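Visitor: I would like a close look at one part of this structure, the place where aromatic rings come together. Could you take me through it slowly?

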Amino acid sequence: MDFVMDCLGVNENGNLSIGGADVTELAKQYGTPLYIMDEEEIRRNCRIYADAMKKYYDGNGLVLYASKAFSCKYMYKIALEEGLGVDTVSGGEIYTALSAGFPAEKIYFHGNNKTWDELEFAIKNDIGCIVIDNSDEVDRIEEIAEEYGKKVKAMFRVSPGVDAHTHDFIKTGQIDSKFGAAIETGDALKLIKYTATKKNINIVGIHCHIGSQIFELSPFCETAEIMLSFMEKIKSETGIEIKELNLGGGFGIKYTEKDKPIDFDKFIEAVSKVVKEKAEEKGLECPFILMEPGRSVVASAGLTVYEVGTVKRIENVRNYVCVDGGMCDNPRFILYGAEYDAVLPERPTAKRCEKVTVAGKCCESGDVLIEDIMMPEIKKGDLLAVLATGAYNYSMSSNYNRIPRPPVVMVKDGESKIVIKRETYEDIIKNDIL
């Protein structure tokens with residue numbers, strides 16, 4: 001049977017397996033809900049990007065894992081061992097990366113509203129590069145850098161004005177985005193010129209990100225062309241030659257059978273041709289290329305296992321399968337209608353004969369994980385695995401309804417270990433004060 005995740009299989013017991021480990025046995029050992037991730041699949045995805053960078057850019061670049069997709073100390077350890085840098089978007093992510101021994105010079109710091117404390121923490125710890133979003137941030141960086149006697153390496157988040165065909169909530173490259181400054185309006189160039197007046201900021205590059213879960217090559221190629229043209233304009237009007245070009249991430253992955261992702265290698269190959277051709281055409285030195293895959297590194301390596309608590313059949317209306325998790329461990333459906341596939345770990349190849357809605361246990365009518373999916377007949381006590389949940393599930397999880405977060409278990413070669421422990425009720429109240 002084909003699954004939407006390449007790292008899944010069916011073992012000799014007829015059970016679903018991931019990374020050589022029996023999902024049913026893992027659920028018994030660690031309880032449910034349970035996030036399970038295949039370490040070798042994560043490493044394989046990291047290598048695809050790293051190898052493509054070497055192949056198509058002659059090694060003149062660095063892959064930054066976009067750690068907002070899934071952030072923990074063990075994940076930063078994997079990224080470091082696979083030769084990646086990391087993209088962080090908060091002081092908490094920076095702190096976690098540093099705590100895992102990640103080298104500060106390979107950490108890039110993004111965000112549209114970085115706080116004073118976050119910037120101070122980043123600058124004190126010599127974070128590799130700060131991606132500037134706006135002029136207020138320029139002033140904060142300059143003041144902090146002056147106080148600590150630092151020269152801050154910086155690039156600029158710009159909006160290329162490209163419409164990526166994806167959900168509105170995860171588009172980021174259009175002119176009216178909350179992120180960065182638009183090229184088309186002249187705001188981006190104005191921001192760069194303003195920053196050039198500051199003595200403690202070293203301008204090295206420009207950055208863009210057009211959105212997430214994109215399945216087409218053309219938006220990325222168009223973006224690369226726009227960014228090279230902007231580099232030419234920066235040089236002609238300011239004399240500053242941009243040395244680094246960050247083209248972001250956003251490559252789509254397979255959540256359901258209808259998703260048709262393009263090989264990540266082909267994305268990079270196509271964009272590299274545009275970058276090289278346009279740099280030569282415009283008389284620019286080919287820039288050091290950065291990219292920021294996140295979802296495409298970890299999403300297809302993870303699943304979430306639940307236990308069915310009740311099945312509620314409303315005749316001629318809807319069949320609810322209620323599990324012991326929900327929007328607190330996966331809010332993506334309620335946020336923007338994200339779609340998933342699911343299987344029964346103890347009967348992964350069983351015929352799908354009944355349309356059901358998989359609902360969570362939170363006290364919200366909208367607490368749904370999957371709406372109207374064909375599944376085998378399900379009964380109370382069955383295990384149910386939602387697939388491709390490695391990205392933006394644990395990282396977006398919450399304690400809504402005071403529900404503890406599930407643990408994350410990493411599997412490799414059939415062996416498993418906890419990389420994030422299950423929260424307890426004591427964890428829930430640890431910051432409460434009477």
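Guide: Before we look, one term is needed: a residue is called buried when its relative accessible area is under 20%. The model shown here is a predicted one, and with that in mind we can turn to Y49, which lies in helix α2, residues 39-57. Y49 has a relative accessible area of 0%, so Y49 falls under the 20% cut-off and is buried. The ring of Y49 pairs with the ring of F251, their centres being 5.8 Å apart and their planes at 25°; because planes under 30 degrees apart count as stacked, this pair is stacked. Along the chain the two partners are 202 residues apart, with F251 placed in the loop between β12 (244-246) and α9 (264-281), and the pair thus links distant parts of the chain. F251 is also buried, because its relative accessibility is 7%.

Y49 has a further stacked partner in F264, where the ring centres lie 5.3 Å apart and the planes meet at 10°, an angle that is again under 30 degrees. This pair, too, links distant parts of the chain, since Y49 belongs to helix α2 and F264 to helix α9, 215 residues apart. Both Y49 and F264 are buried. Taking the rings together, Y49, F251 and F264 join F220 and F267 in one aromatic cluster. For the model as a whole, the count comes to eleven aromatic pairs.

Definitions and conventions:
Residues numbered from 1 in each chain as written. Predicted model: local features only at pLDDT ≥ 70, side-chain atom pairs only at ≥ 80, totals over all residues. Heavy atoms only, no water. Phe/Tyr/Trp six-rings, centres within 6.5 Å; stacked < 30°, edge-to-face > 60°. Helix = DSSP H or I, 4+ residues; strand = E, 2+ residues; numbered from the N terminus. Buried < 20%, exposed > 50% of the residue type's maximum accessible area, 1.4 Å probe, protein only.
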